[in-house]
Amino acid sequence: MKSFNHSLRATKALQIIAERDISYSSLSLWCHHVDDDGLEHAAATDGRTVFYSRAFESFTLAEQQGVAAHELSHVAWCHQSRAKQLRSRFGSDYRHKIFNIATDAIINEMLLAAGYTLPRPCIVLTELFKDVFKEDITVEDALSQWDAEKLYIRLMNLRDKPDNKTSGGNDKKPEISSCAKGKHPLTNSVVKSNGNKSAKPLLGPAVEDRSKGECKLDSEAVRRAIEEWADWRGFSGDFAANGAHTAEDAAEDAEWQQRLARAIDLGVLAGRGLGRLKCKLADLPQTRTPWEVILRVAVTKAVTKAPRPSWELPTRRWLAMESDAVARNSPVPGYEQGFIKRTEIPRVVIGFDTSGSIWGSAELLQRFASEVAGVGRRTGAEVHVIVFDDGVHSITKLDGMDWNSEAAKLDIEGGGGTSFVEVIEEAVKLKPSIILILTDLHGNFPKAPGRIPVIWASPEPNPPSAPFGRVISLGC
């Protein structure tokens, strides 16, 4: 095991952690601790080593313990490795600062609940929910329900939704409040912990739509506003996501999962540090299957044109045995049915709900439809999109070659309640191999469409159940 004695700046803080928190004591021994005068921020990590700059010495001893435990958490929770996997999953759409914000919010909330002291201001998960999502959430619910990936996806998909949108007759509150008609949002004057007045950023920034006399928030503006909010709360990036996730990374992740599980168990037995937490942590590193993979496998299985059995076509083996039996004047063997190739074209039908939380999420629809269109290209399946709310608005066939140009053809309108009756009826008429419904799952359900497989894809992290079919969450 490794020692932390080679970091002069962190030695005292880590020694106190070792005495007071057996969980972090055991974790720190598996990690390098190095002083780095060239580091821009107080502390940072590369996923294996924690670096401490001169700025680290400006903190009180209690704050140094919190900062050291914060960086140890990034290492033990495999946040850098998980960031690489997210970058691989989302490609150029991945935004590392947002993921770093998500991890910091969870870590800081956990450390404060475990009795640590942190330099202020700092990002805390419950405060993020209050300021960004306009929701009040308890510490226990925050830590037990939200992991970094789920929080990252919600932050990336955050958008301004019209106030009058309904789903199944229930009003849906906007995740970010719409600005006053014809006015630009104002900032609030607040006081930071250092006593200096500063302007608290509002989410937005909003963009005025003069043609309609209202303000809209595009996704990029919202993400910039989240980053500005984090900077105002004292955020500083402390780990990167460079390179691809390798087999070596996966092996080390598995080792850290075992170390972390043992460390938490020790803390629970001691009842100190992490052992003080009264809830199970949702952000523990674990093997995850992205919804894209689940969707890809399900659609490919449904549209693969496997041969079907036919009693009218015997196997070649049986024909040979029958011919030999006749020639030998011996009994004819039992009949063996053959298989014929399917000639019909497989179809995939996507139902796009414009009444609920899907409203305005062009990026989510693009990712979803691109996955299905990709399967269509590989298997030769047709892809049809049905736009609906309480009724069907349009049915469009996609060729899967250029989603951006094809998406412009879709008649996206909505605003009413939600009914799945009409969309399922129209989908069945197309004789599909599989039906995919992109929805928040709040609406009236019909009877199951026979043997046709149905997948309900919801953007909510914890979607409700459906009376038939399979439910997958796009928020994880």
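Two aromatic rings of Phe, Tyr or Trp count as a pair if their centres lie within 6.5 Å, and a search of the whole structure, which is a predicted model, finds 15 such aromatic pairs. This tour visits some of them, after a look at confidence and at a sheet.

Begin by colouring the chain by pLDDT, which averages 79, with 75% of the residues scoring at least 70. Among the elements of the chain, select helix α5 (residues 96-113), which has the highest mean pLDDT, 96, and then strand β6 (residues 188-191), which has the lowest, 33. Residues 1-5 have a pLDDT below 50, and beyond near neighbours in sequence this stretch has 13 contacts in the model. Residues 160-197 also have a pLDDT below 50, and this stretch has 90 contacts in the model beyond near neighbours in sequence.

Next, select the open sheet, in which 3 strands stand in the order β1-β3-β2 with mixed pairing. Because β1 (32-35) and β2 (43-45) are at the edges and each have a single partner strand, one side of each is left without a neighbour in the sheet. On average, neighbouring strands of this sheet are turned by 20° against each other, direction ignored. Strands β1 and β3 (residues 49-52) run parallel and are joined by 4 bridges, and if you display side chains here you will find His33 opposite Val50 in β3. Now add helix α3 (residues 61-76), which lies across β1, β2 and β3 and runs at about 15° to β2.

Move on to the rings, starting with Phe56 and Phe59, whose edge-to-face pair has 6.5 Å from centre to centre and 85° between the planes. Phe56 is buried, with a relative accessible area of 0%, whereas Phe59 is partly exposed at 22%.

Then select Phe129 and Trp146, whose ring centres are 5.2 Å apart and whose planes stand at 70°, over the 60 degrees required, so this pair is edge-to-face. Since Phe129 belongs to helix α6 (residues 125-131) and Trp146 to the loop between α7 (139-145) and α8 (148-157), the pair ties together parts that are 17 residues apart in sequence. Phe129 is buried, with a relative accessible area of 1%, and Trp146 is buried too, at 6%.

Keep Trp146 in view and add Lys150, which lies over the face of Trp146 at 5.0 Å from the ring centre. Arg154 lies over the face of Phe133, at 3.9 Å from the ring centre.

For the last stop, select Phe90, Tyr94, Phe99, Tyr152 and Phe239 together, because these residues form one aromatic cluster.

Notes:
Residues are numbered from 1 along each chain as its sequence is written. This is a predicted model: local features need pLDDT of at least 70, side-chain atom pairs count only at pLDDT 80 or more; totals for chains, interfaces and linings use all residues. Side-chain values use heavy atoms; hydrogens and water are left out. pLDDT is the predictor's confidence in each residue, from 0 to 100. Helices (H or I, at least four residues) and strands (E, at least two) are DSSP runs, numbered from the N terminus. Contact means heavy atoms within 4.5 Å. Two strands pair if DSSP finds at least two bridges between them. Axes are lines fitted to C-alpha atoms, for helices over the stretch in contact, and angles run from 0 to 180 degrees between N-to-C directions. Rings of Phe, Tyr and Trp (its six-membered ring) pair if their centres lie within 6.5 Å; planes under 30 degrees apart count as stacked, over 60 as edge-to-face and the rest as tilted. Buried means under 20% relative accessible area, exposed over 50%, partly exposed in between (1.4 Å probe, protein chains only). A charge sits over a ring if NZ of Lys or CZ of Arg is within 6 Å of the ring centre and within 35 degrees of the ring normal.
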